[in-house]
Structure formats: structure tokens, C-alpha cells
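Here are my notes on this one, as numbered points you can check against the viewer. Shout if anything reads oddly.

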Amino acid sequence: MATEGGKDEGEVRKQKFGKVGPWLHAWHDPVASIKAHSSCLRLVDLNGDRSNILLVADDNKKMRVYKGTSVVAEHQLLDHPVSMCVFYTSGSTNSMPAVGIAGGSYVFIYRHLRPYFKFSLPCVDIDPQDESIWQEMTSEGVTCEAGYEMLSQARDGGAKLSSWSLDFLSLEREEQRQAYVQAKKGVEHKQHTVVTCMETMKKDHDAEDAVSSLVIGTENNQVLILDPSGSKVVCQAMLPSVPTIMAITGLYDVEWRIVVACRDGKIYTIKNGESRGKAVVTGTVIELETQPNALARIEKYIYVTTMDGSLSCYHIKGRKVFSLTLPAPATCLGVAKISRSRTLEALIVSLGNGEVRLYNGKHMIHSLQMDDVVVAMRWGQFGREQNSCAFIGRSGSLTLKMMSRHANLEKGDAISGPPAEQDIPLKVPKKTKLFVEQSEREVLNATHMHRVFQRDLCKLRLTTARSYVKVITSGEAGVSMGGGGRGGITNVRLNASVVGLGPIFNLKVEVTNGGVASLRDLPLSVVYNTSVYRSDRPAVNIPLLLSNVTITVVLKLKNVHPEGAGENVRVVLGNKKSSVPLAAALITMPMSELEE
Amino acid sequence: MRDEVDASWLALSRLRRRRFKQCIEGCSRILNESPYDQLVWTMKARALTTEVYVDETELEEEGVAEILLDDNAIASMPRPGTSLSNPKSSSSDHALRPVSSSGRPMTGFSRPGSSSRPMSGMSVDQAFKGNRPGTSRPMTTLGREVRLGTASMVNQSGVFIDVEKLNMRKYAARPALAMVLVEYLLHVEVNPRKALELCSEATQKEGFKSWFWKRKLGQCYYKLGLYRDAEKQLRSSLKDGEMLLTYFDLCKVYLKLDIPNTALDLLKKAGESFREESRVIIGIARIYDMLNDLENSSKAYKMVLEYDAGNIEAMACLAANHFYEDGPEVALRYYRRLLQMGVNNTELWNNLGLSCFHSSQFDMALSCFERALALAADDNEGDVWYNIGLVGVGIGDLALAYQAFKIAVSVDGNHAESYCNLGVLDLRKNDFDSAAAMFATAKSLAPFLFEPLYNLALLMFKRGNLEEAYDNVKEALVVFPEHRESLELKKELMGSLVGLR
């Protein structure tokens, strides 16, 4: 399962491309069957031995711990994980980090991979109108029916209802509603909210194992910052929409800034206020053209990929720096932070076509084609290798790649000038000798040719017009002109097809009225040679034909010819007011199978 | 005087002069008197056989059952270019050249079997529709075979040979009689099982060394649908005696098995033994055509013309190739040559007219269409009117074009191309509802055309119905994956659909 293919692959690539890409292959497990997104994937030093492990909160309620190439532990989770964060609660050296896993309206905090503590999101204020109606209903001040009416009025009036009310309003039968109200008697009316995203923020200094705290985005538009122990909210901010993705920089005690992409397709910025414990939503709002699907922050720039398959970069102040069109929509974004002589940060973008690209600013440094579409990735230290990246594929595969120490992540030499295609001449077919001869003939006999052509054209117009008139008068155009001479143009289409092998055929006739007015009382009949076909019901009446509604009529025809020969059959849609049919169709009948 | 002529001699003479009916009558008379006259019996059998003989080397129309229940193909997802159902895509041709229902460019010669090869996942409805819905449709296999058999039996009083009572072993001992009998069984009685019995007896008698019996065995197996057995017998027959017809039989078996490249190799090998045999080369050309390899097929057709300057099929295909590859003046020459060869039908005049029009020989163009119309029958009149409509569009006379397309539609209610063009003309008149209805009709009639799908998508897009536009453009791209305009429209639609404002 595990392959040590780093060296071989590198050599193959060397032969193929002449130079080695920045990625070294470390490990690939095609059947890891992991279902997780980027925020549920963390690389962390869990044991304090400077050897990082991979922690995965799987969507099928499992937490898995990968050490090296094997799963060392697996724990059942209490809920579907939304996000998983690792944070340090105390500043002492060699302290063990806590793991916070958000699910539903709780954050479950684990220590030593054992459940330790549960943080519940604070309850949401309930609309006073809603609250009072429930109070009256449970104390039987009003009947269930009256409560129902009041609640639906409140809903129509635009009030934000609690989940109780919404559940109640969705009940269809009276007894169900009464049972619901009964069940709620004596229960405290609380409205919980749920976690939508979660990240961490360092407290007072920036180090790998510095004290940090959880930052939680909730469904009721809030962003909460907890204290390092994860027991209480120390700071909160209200956004105009539901936060979905967050990128955090800075220290809580000094200065911090949270960039939040929200469900309304806008990016808001929250930063620390004047006094400690206060948060301010700044006026800088970045409006995106389409929904964002990933967000990353490098230095002063916000990188965001959107559903229309573009990668955009904005300055933290809201100014757009550039926008690139990707060959496929991005699936996730990551930041590769490489600390060498100087720290360098590159953007990792995984695309829907299985590509993983590396960007430095707007310059693409490298593109790697993976076997699978990457749906989650995490950059960090794995084992003792500092520059590693874990990828989860759509099929559940797990891949670990390392960044080569010799990789050059500086801006690649961008190709400038006109594209290479410009130098390839177009394939213009050369003109034959015949063509030249013919054009000479044209030049010599221009007048004659023109005259003959004009004469022929007149003749052709006449023939066409005559045939057209014939078609109209027989109603065969499928479109008839003014049936019944009422002046109005009716537009009835008749489309017939034959189904069956014989001797009994089904004639499927589709009649559509393309006009504006509806038509009534239309006789539809099939005309055939009686020595070849027989029908029990050769005519039907269509009582009403509404405009733009297709009516299908099935007529049965039996072939009675001794050798099963086929003959043309006409379907005619008549009109009570005129002898000219509204529409007619000629059907070529196939040869019939003989009756046994 | 005539009474004095020996009746059996007369019958023989009539057989040679291909007066089969009279020959059969004469033979029946003699056989009534002396039922055991082997000479007369042989003559009658031969006359009956020759009367209904089908050239087995020609490709045949595939029946409904074969289309729907074709499980002989080896791979269900063959690589492009290795199977008839997944021919090489030729993107540039798609836009320039009309296609048949399987998405293959039209060749210049209408021949059975080449265009009705099933695409994967063909529905029963589609299978019954045939190439052009309404005008033709595949028969059931038995329908085809039985009808050939019954047609000859009707004229005949009483049964000539009671197949069930035949003692195959007795006949197998007399090779001359057996050879006549097996042909009779295959072509008149259409009873491959009995024929197989006779063949196996006969080949045993000959010590498994006779190419004739092995070939017949192969043919029997082929008719019974046992293609692998047929292949074995035919291969073995070729070892005993290299016959051109055996090569053709084997080639047919390979095409049924959907391994066209093997068939090609076989024909090339036959070409080495039978040099200057135009039928081999035309076989090669046909297979290239089926594989959409127009370059090689044109080469082969040219070679055919070198050996057989009067080959109509090769000429027609070359003409069509030239016409669609922007060489109407060359096509015109080929069509003129066809005319000199004595071909005089609607299609030819129609093509002549089109070639004249496109190579700007206007004085001749329209009179050609007139002649085409004069000769036209029900099944091709629609096409002529459609082309007149195109001429109308070409010279900017839209009223003429509109009328011509309308007539085309009325003559041939399934003429999807005309419906599509009517839709475009309706669009110019700002009659959007009618245009949409026209495109929808064209789409339902011919799902293999990308034009109505794209037009409908564009119309829907312009009217703001993005979802429907997206559905249609997606369908258009299934039919013609490289269509640039569709790709652009899809991109724009994607942009509009994911956009927030």
C-alpha cells in the first residue's frame, strides 16, 4: 500500500522534464477512505516529541491519528465534525495541546486524545413575540390553533422565528401540533446555534506551541473568541451574514485581524477595538462576483478562489490586486510557509481537474497533476520533515508530499511575447487549376451567366411559390394559414410517427397548437388504402387544443395486405368551418411482419 | 417447330439467358413426368437460386435485433479508431459535413449497414427509427430472410424440395448435386440449419480438405450468428484454397464482431494475392469510411478508379469528399463524369446543382435543381427542396428560402435540417416562440444534429432562460464536443449561473 517512490519518480521526472519539480513524493494510500475537508485535517506535535502526527476528523464521526505511515489511534466522535483545531492552553514547555472538534452547537475539547470538556455555544435571544406566543401556548393561555395563526403571522411579518416555531409551523395535522405543544410543556425555551467554522488565534507570542484560543463562527452571524482554556467567550463580533471561512493573523493581546468570507459572497474584516475584549467589524468589505470556496491570507494580501474558477488577490484594505482564471474551479487553498534563510510563503491551489499548483504572487511556479482531485490539504510538519503537505483525494485517498529543499520558489521566468501558435501558418486550401479555369469562364461570359441565372431564378421562384400554395391549400405544411377564413392565422403542428412491427401499428400523432388562441372541436382522421390497412377507429375528435400544449393521440392500424406491403397513410386534422384541413401529414409506413 | 426442341435443352438455354421464370416452368413440367431426372432437378434448383440470389459480398442492412442485442463486440468501451461504434472523432468535419444518425459524416454513396451501427446505449425507439426517421427503418432479421424465401414460393405450385425429408448423407455423396442443393437451401429456403447439416456431411466426405464446403460451413455459421465458428471455418477454407469471395465472407464476419482493424488487415492481405481487384480496394475504402478516416478512404477510392475507371461508388464518394473539403469545382467534375456514366437520378442532379452553385457556375446551377425536382420521388424530394432553400439563403432571398424549407418539411415531415433552418428564419422575423418550437421539433427528430441544440440554447440564453440554455448546450456538446461556439456559450452560462448578481 505504502510506496517509497520518491526517488524513482524524481528520476523519471528528471528524464522527462529535464528538471525536478519542487514536490517529493513521500507516501500514498489510495484506500485510506477519508472523508474530510481542509479544516478537519491538522498536522500537530501531539506528544511533545517534535515528531508531528496527522490528525483527521473524518466525516463518518471518527478521529484518526496517523503516525508515520500507520494509523496509531482511532476514536469515535460524538457528532459530525465541522472543524478541528489544535490549541495550547498553558505556556509551559513540553505541554500537550488540546484538540477542539466542533460539531453541532458544541465544541468538544480533547486532551491526550480523551474527551475532556464540552463547550456549548451561548444561546441566542429569541424574538420576544415568538417567546410570548410559546409562553401562552404552553400555559394554555391560547389554543394551539390560535398560536399557530399568530406564529404564521409573525413569520409573514418578517420575524426571525426559533427552531421550535419553525418545527411547529411545519406540522400539518392538528393532533400533531397539539402533541408538539404538550411535549414542550415545562421545557425551557432555548434557541441554540451551530458552528459553521473554527480557527485558532495565538495569545501573546507567535510560536508553534504558544498559548492560543479558539475562534468560532456561528450560524447566527457571530464570531466568538474563547479564552485559552476554552470555557468562556472573551470577545464577540456580529457580522451581516453567516461566516463560512476565516483567516486569522496577529496576537490576541497585541493586535489581530480576522478575515471572514460570508455566505452572502462578501469578505468582511474584524479587528481588535480600542479596548481589550472589544472587536470591530471594519468598513472594508470585499464584494465577490460569485461564492467563495476557499480563502487564504499571505502577509497583507487575501487570496480567494471562487466558484467561477478564478483566483483573486485583494489587499487587506480591500483593493483588488489581480485575478487569474484557472482551468477548473479550485477545491482548496493552502499556504506553504518555508523557513530557510528567509521565510517564504507560496500559495498552494488544488483544482477540480486534479492539478495542484504553486503560486508565488500571481506567478505560477509549478503545476503537479495528481491522480485524484484534492478535496482537502494541510501544510505543515509531518514526522520530522518540516515542509510537508497532506492531501486528501475525492476518492478518500491520502497522499503526503514533501517540498524539496532545493526547490526554487522564486518567481518563475514568465513567458512573454506573442504565443507560439502565432507562427504556425493556417491551413488554407490551395486553389485548383480547375477553379482558375472556371473563374476565367466566369469573367468571359459574365453577362450571359447572369442573364441565365436571373431567368432560372425567376422560374425557380415561380415553381417554389406554386408548390408552396399547393402545400398551404392542402394543409400539408404542418402550418395552415387562416383555417376557416377568419383572418386569424392558426399555427397547428402535426407530428406523426409509427410504432410497432406489424401487423398492428400504432400511429402516434402529436398535435401542438402554436398559436395564441385555443382551438375547439377538431376532427382528426387517418386516411388509408382499405385493401392494405384496416382500423377500428379511423377518426377521433380533439375537444380542445390549448395553445402550446401538445396532445398525443394514438391510432391503431392493422396491416391486412397478404404480403405485408406498406403504403403511405395520411393523417388529417380537420376544421369544422372549412374544407381545407388545418394540418395534414403523410406517413411512410414500414413493411409489416406477417401474421403467424 | 418449337415442339420439337428438347424440353430440357430449352430449359438449359433459358437458364443461361436468365429467363428464370420460363425455365422453372419448363423444369416443373418435365419433373411432373419424370420426378427423378437429376439434370432437370439441378437446373430448376439453380434457376430458383439464381433468381433470388443476393450478392453475399455486399454489406447488409442490420436488423432491429442485431442493433439492440449486439453482444458480439469484444470491448464495451473500445479505444477510438478500433471499433465501428467508436470511430475516430473528426472535429473539423462535423461542422462542415452533414452527419448520419450515428454521428458519422455522410459518404457520397448510400449503402446499407454503414450508418446504422449502434451507438452505445441506443434505445428501442431509436433502433426502430432507422437512419432517417420515417423514411427507412431496420427490419427484423427474420423478416428480411423470410420474405426473400416466401416471395419465390408464392409463384410456385407445391413445394419443390421437402427440406425436412432430405437425406443429407445421400446428397453429400454426390458433390455436384450437393453444391446446388446447399445454395438452394441457403438462398431459397433460407434454412441455414439444414444447410449446415449438409455441409458438415459433405466436408466429412471430402476429408476436410475442400475449400468450398468449408466456406459454405462458414456462411451457415455466419447466418446462424456463430461468428467465431464462422471465422474458424473461413480461415481454414482460405488455407485450402485462396478465394476472393472467402476473403469477403471473412471480412464480413470481422465487421460483425466489431474488429474493423483485423478486417482491414485481412483485405490488405487479400489485395496482395488478388492484385488489381477493385472490389478488395473498395472494401478497404468502406472500412476506412466507417472509421471516419476520410484521408485513407479517399486514397483507396482513387486507387479503385485507377483499376476500374467506371466505379460509381468510388466516384460518388470522392466527389462528396471534395465537395465538403472546399473543392466544389473538383466535385463538379466527378459528378459530371457520373452523369456521363449514365447515372440519372435526383441525388446526382441535386449534387450537380450544389457543386455548380458553390463553384459559382450560376448559369447551370438552378436548371440542375429543376431536373432534380422533376425526377424526385417522395423520399428525396425533401432534400432537394432543402437545398433550394439553402440556395435561397445563399443569394439572400429569404422568402424563397422560407417557402422552400416549408415545402421540404411538408414533403418529408422528418426533415430536421429544414426545421432547424426554418427556426433560424423565424428568429430573423423576431418570432421567438415559433423559432423555439421549430428547434425543439428538429431536436426531437434528429438528436444527432448539434445545430438545433446550439440554436435552441442560444435562443434560450438570449431570452434569459439560463437553465434550459445550459441543458441544451450540454446536449450539443455531447453530440459535438469540440464545437467552439457551444463551448463559449457554456462558459458564459457557467459564469451567469454561479454569479451572485
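What percentage of the 501 residues of chain B count as buried?

1. The figure is 46% for chain B. Before going further, keep in mind that this is a predicted model. Chain B has 27 helices and zero strands. As for how its contacts are spread along the sequence, take those with a separation of 6 or more: 51% of them in chain B are between residues 24 or more positions apart.

2. Next, the core. The largest nonpolar core has 135 residues, and the members touching the most others are Leu198(B), Cys199(B), Cys251(B), Ala319(B), Ala442(B) and Ala457(B). Helix α22 of chain B (residues 398-411) gives the largest share of this core, nine residues. A separate core of 97 residues includes Val223(A), Cys313(A), Ala346(A) and Ile348(A). As background, nonpolar side chains in soluble globular proteins tend to be buried together.

3. Cys199(B) is worth a click, being one of those core residues that touch the most other members. Setting aside residues up to four places away in sequence, Cys199(B) touches Val182(B), Trp213(B), Lys216(B), Leu217(B) and Cys220(B).

4. On to the repeats. UniProt, in an unreviewed entry, lists "repeat: TPR" for residues 346-379, 382-415, 416-449 and 450-483 of chain B. I looked at two of these spans. Residues 382-415 of chain B are 82% helix and 0% strand, with end C-alpha atoms 7 Å apart. For residues 416-449 of chain B the values are 79% helix and 0% strand, and the end C-alpha atoms lie 8 Å apart.

5. Where does Phe20(B) sit, and what does it touch? Phe20(B) is in helix α2 of chain B, which covers residues 20-33. Leaving out neighbours within four places in sequence, its contacts are Ala47(B), Thr50(B) and Glu51(B). With Glu51(B), the C-alpha to C-alpha distance is 6.5 Å, for a sequence separation of 31 residues. Is Phe20(B) buried or partly exposed? Phe20(B) counts as partly exposed, because it has 19 C-beta neighbours inside 10 Å and the buried class starts at 20.

6. Two backbone angles to look at. Phe208(B) is not a glycine, yet its phi is positive, about 55°. This residue is in the loop between α10 (192-205) and α11 (211-223) of chain B. Phe208(B) is exposed, since 11 other C-beta atoms lie within 10 Å. In chain A, Asp521(A) also has a positive phi of about 55° without being a glycine. Asp521(A), though, is found in a strand, β31 of chain A (residues 519-527). Its 13 C-beta neighbours inside 10 Å are why Asp521(A) counts as partly exposed.

7. Chain A has an open sheet of four strands in the order β18-β19-β20-β21, paired antiparallel. The edge positions go to β18 (292-298) and β21 (320-325) of chain A; each has a single partner strand, so one side of each lacks a neighbour in the sheet. On average, and ignoring direction, neighbouring strands here are turned by 15° against each other. Inside this sheet, β19 (residues 301-306) and β20 (residues 310-315) of chain A run antiparallel and are joined by six bridges. Thr305(A) stands opposite Leu311(A) of β20(A).

8. There is also a hairpin in chain A: β22(A) and β23(A), with three residues between them. Nine bridges link β22 (residues 330-339) to β23 (residues 343-351) of chain A, and the two strands are antiparallel. To find the register, start from Ala330(A), which stands opposite Leu351(A) in β23(A).

9. Last, the interface. How many residues of each chain are in contact with the other? The count is 38 residues of chain A against 37 residues of chain B. On the side of chain A, the elements giving two or more residues are α6 (433-444), α7 (446-473), β29 (492-499) and β36 (578-587). α7(A) has the largest share, with 13 residues. By residue type, this side of chain A splits into 18 nonpolar, 13 polar and seven charged.

Note on methods:
Residues numbered from 1 in each chain as written. Chains lettered and ligands numbered in written order. Predicted model: local features only at pLDDT ≥ 70, side-chain atom pairs only at ≥ 80, totals over all residues. Contact = placed C-beta atoms within 7 Å. Nonpolar A, V, L, I, M, F, W, Y, C, P; charged D, E, K, R; others polar. Buried ≥ 20, exposed ≤ 12 C-beta atoms within 10 Å, placed from the backbone. Pairing = 2+ DSSP bridges. Core = buried A, V, L, I, M, F, W, Y, C linked by C-beta atoms within 7 Å. Axes fitted to C-alpha atoms, helices over the stretch in contact; angles between N-to-C directions. UniProt positions renumbered as here; feature names shortened; annotations may be inferred.
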